[in-house]
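Student: I've got a protein model open and I'd like to learn how to read it. Can we go through it together?
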Amino acid sequence: MESSMYDYDAIVIGGGHAGIEASLAISRMGFSTLMITQSLDAIGRLSCNPAIGGLAKGNLVREIDALGGEMARLIDSTMIQFRILNRRRGPAVQAYRAQADKFSYSRLAKETLEREANLELFMDTAVDIICENGRAIGVVTERGWKIFSRVIVLTTGTFMSGKIFIGEYEHQSGRLGEEAAIGLGDALRDKGFNVGRMKTGTPARVKKSSLDFSRLEIQDGDEEMRPFSFLSEKIERPSLRCYVTYTNEKTHQIIRDNIKYSPLYGGKIVGKGPRYCPSIEDKVVRFPDRERHQIFVEPEGVGTEEMYLNGLSSSLPERVQHEFIRTLPGLERAEIMRPAYAVEYDYLDPLDLKQSLESKILENLFIAGQTNGTSGYEEAAAQGIMAGINAALRLQGKEPFVLRRSDAYIGVLIDDLTTKGTKEPYRMFTSRAEYRLVLRNDNADSRLTPLSPLASKERREALERKCEHMEEIKELLKARKERGKNGLELLREPEVTISSLCIAGMEAFSAEEKEEVELDLKYDGYLKRQEREIARFEKNESVEIPQDFDYDKVDGLSQESREKFKSVRPRSVGQAGRISGVRVSDIAVLQVALRGVRNVR
C-alpha cells in the first residue's frame with residue numbers, strides 16, 4: 001500500500017453529527033474535503049435518544065439551519081412524531097422536538113454526504129495528527145495511511161479511547177458493537193493537549209410486541225407537523241405514538257439491592273457523567289424520597305420493533321436490567337433487544353480552544369462536538385457547522401466567524417465552553433441564554449442567515465420572501481379597525497390573536513410568518529428592553545484585548561484572575577468578565593490597563 005494519499009484542503013475526523021455539519025460546510029464553501037470515519041454504516045447514527053430538538057436544543061437546530069446546515073432538513077425528512085414543547089408558556093422557552101426514524105435519518109445523512117461534489121468519504125481510524133512547526137498538516141490512520149491537508153476538524157464523539165460498561169462486562173467501544181478509536185487520545189496527550197474522561201449512557205431497547213400498551217399512558221404528537229428547516233414548506237410523514245410509564249418502589253428496591261454491581265458506584269468509571277440526564281441507579285440513590293420516576297417509551301422507527309426507554313439509562317448487569325424493567329406497568333413481559341450501558345471516553349479541555357473552535361495548542365486544528373465535553377446531537381452539530389465554517393474561512397485567509405451570546409444559542413454554547421470550560425457533559429438549556437426572548441425559535445433565520453458565510457442564495461432569497469410576507473401581514477393588520485384601534489395595536493392585547501381578528505387575505509401566509517409578526521408585536525416592550533441590555537453587553541464585547549497582551553505587567557490584578565486571563569486569553573473585556581472566579585475589581589483594573597495600551601498605540 002502507498003504510504004500517503006492525495007492532498008485535500010480539509011480532513012474531518014468522525015462521521016457523527018458534528019462531522020456531518022463540518023464536512024458539508026467546508027465542501028459547500030468550495031474546498032476539497034475528506035471525511036475519515038470508522039464505519040460508513042454508522043454515519044449520522046442517533047446513538048441514544050431517537051429524537052432531534054427539545055428545550056433550547058430545538059433552537060440550536062433552527063440556528064444550524066439558518067446558517068446553512070443540514071440537521072433540520074434531515075429530521076424534516078425522517079420525523080415520525082412532532083411536538084411544540086412549552087406551547088402554553090412564553091415564546092422564549094418554546095421549542096420544536098421530533099421523534100426520528102433513526103435508521104432512515106442515518107441513511108439519509110450518508111446519502112447527503114455522498115452526493116456532495118467536493119466531499120469524499122474514507123473508512124479508517126485516525127490514530128495521530130501530523131504536525132509541522134506548530135501546525136496540523138495531516139492525519140495518520142490505523143491502516144498506515146498518511147493523508148495531508150491544510151486544515152483538520154476533529155469530531156471523535158464518544159469513540160476516542162471509548163469503553164463501555166454493563167455490570168462486570170467492559171469492552172473498548174464507542175458504542176455497543178462498534179470498536180473504540182485507540183491511539184489518538186494518547187497521541188494528543190503527547191502533543192500537550194489536556195485530555196480528560198467523561199461518561200454518558202443509554203437505556204435498553206425493548207421489543208414492541210412484548211409490551212402491554214393498555215397499561216401505558218398515550219402521548220400523541222401535535223396534529224400539525226411543522227418543519228425545522230426554513231426551506232421546508234410542508235411535512236407529510238406518518239405520526240407514531242409515544243407512551244409513558246413509571247418506576248415504582250419494587251423497581252427501586254431491585255436497583256438498591258444490586259447497586260454494588262454498578263461500575264458507576266464500584267469505581268470502575270472515573271469520568272464525570274451528565275448531571276441533567278442521570279442513570280436510573282443514580283436517580284434512585286440521589287433521590288431516595290421519590291416514589292416514582294417517569295419513563296417515556298418511544299419508537300425507534302417505522303420499520304423496527306425496537307422501543308427506547310427514555311429516562312431508564314443504566315450500567316447495571318443485564319440480569320438486573322431484565323428484573324427492574326419488568327416491574328414497570330406495561331413492561332411486565334418486556335423482551336430486551338439491546339441492553340443499557342455506560343460509555344466512558346476521552347475529551348479535550350475546551351478552554352484550550354479559541355472562540356473560532358480552533359485549537360490554541362495546534363494551529364489549523366479545529367475541534368467540535370462531544371470531543372469538547374458536550375452532550376447531545378444538537379450541541380455537536382452546532383459546533384460542527386461553526387468549526388467547518390471557520391476552517392473554510394481559514395483556507396480563504398479570512399477572519400473567523402464568531403457568534404456572540406446576543407446573536408444565538410450557538411454563541412452561548414461556544415462562549416460557555418471556551419470561557420468557563422466544563423467538567424461534566426455540557427447540555428444547552430434556555431436558562432443559559434441571557435437574551436432568550438430575542439433568540440427565539442421562530443426568528444433564527446432573520447438573526448443568522450444574513451451573517452452566515454455559508455448560507456446559499458436559495459436560503460437568502462427565502463428569507464427575503466419571508467420578510468416581504470411579514471410586511472404584507474403588518475399592512476393587513478394596519479388596515480383592520482376595531483374599537484378605535486388598528487390590528488397592530490389590537491395584537492398587543494394579551495387575549496387577541498391574529499386568527500381571532502379574522503382578516504381577509506391572511507390565509508395566503510404561513511402559520512410561522514403570522515406567529516412571528518404576532519410575537520414581535522405582543523412582546524415589543526420586552527424586546528426593546530432586552531435590546532437595551534444587549535447594547536450594554538456589546539459595549540464590553542467591543543473592547544478587544546490583544547492576544548499577546550502581557551497580564552504580568554498589570555499591577556493590581558489578583559493572582560487567580562491573572563492566571564485565568566493567561567489561560568483563557570479572552571478576546572474582549574466582556575468575555576474576561578465571564579471567566580469563572582474572576583473578580584469584578586480585576587475587570588476594572590484590566591479596563592484601566594487596556595486604556596493605557598490603546599493610548600500608547
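Student: Let's begin with one helix. Which residues are buried in helix α17?

Tutor: Keep in mind that this is a predicted model. A residue counts as buried when its relative accessible area is under 20%. In α17, which runs over residues 559-568, that holds for Ser561, Arg562, Phe565 and Val568.

Student: Where do these residues sit around the axis of α17?

Tutor: They cover an arc of only 145° around the axis, so they lie on the same side of α17. Right after the helix, Arg569 has a positive phi of about 55°.

Student: Now the whole chain. How many helices and strands does it have?

Tutor: You'll find 19 helices and 24 strands. As for burial, 58% of the 601 residues of the chain count as buried.

Student: What does the radius of gyration tell me about the chain?

Tutor: Compare it with what a compact globule would give. For 601 residues that would be near 25 Å, and the chain has 25 Å, which means the two agree. The C-alpha trace spans about 70 × 65 × 50 Å along its principal axes.

Student: And what about contacts: how many join residues at least 24 apart?

Tutor: Take the contacts between residues at least 6 apart in sequence: 73% of them join residues at least 24 apart.

Student: Last one: what are the surface and the charges like?

Tutor: The accessible surface comes to about 25,600 Å², with 47% of it belonging to carbon and sulfur atoms. The chain has 89 positive and 93 negative charges, and their mean positions are 3 Å apart.

Terms used:
Residues numbered from 1 in each chain as written. Predicted model: local features only at pLDDT ≥ 70, side-chain atom pairs only at ≥ 80, totals over all residues. Heavy atoms only, no water. Helix = DSSP H or I, 4+ residues; strand = E, 2+ residues; numbered from the N terminus. Rg over C-alpha atoms; globule rule 2.2 N^0.38 Å. Buried < 20%, exposed > 50% of the residue type's maximum accessible area, 1.4 Å probe, protein only. Contact = heavy atoms within 4.5 Å. Areas by Shrake-Rupley, 256 points an atom, 1.4 Å probe, with all protein chains shown as cover. Lys, Arg positive; Asp, Glu negative; His and termini not counted. Charge placed at Lys NZ, Arg CZ, Asp CG, Glu CD. Arc of directions from axis to C-beta.
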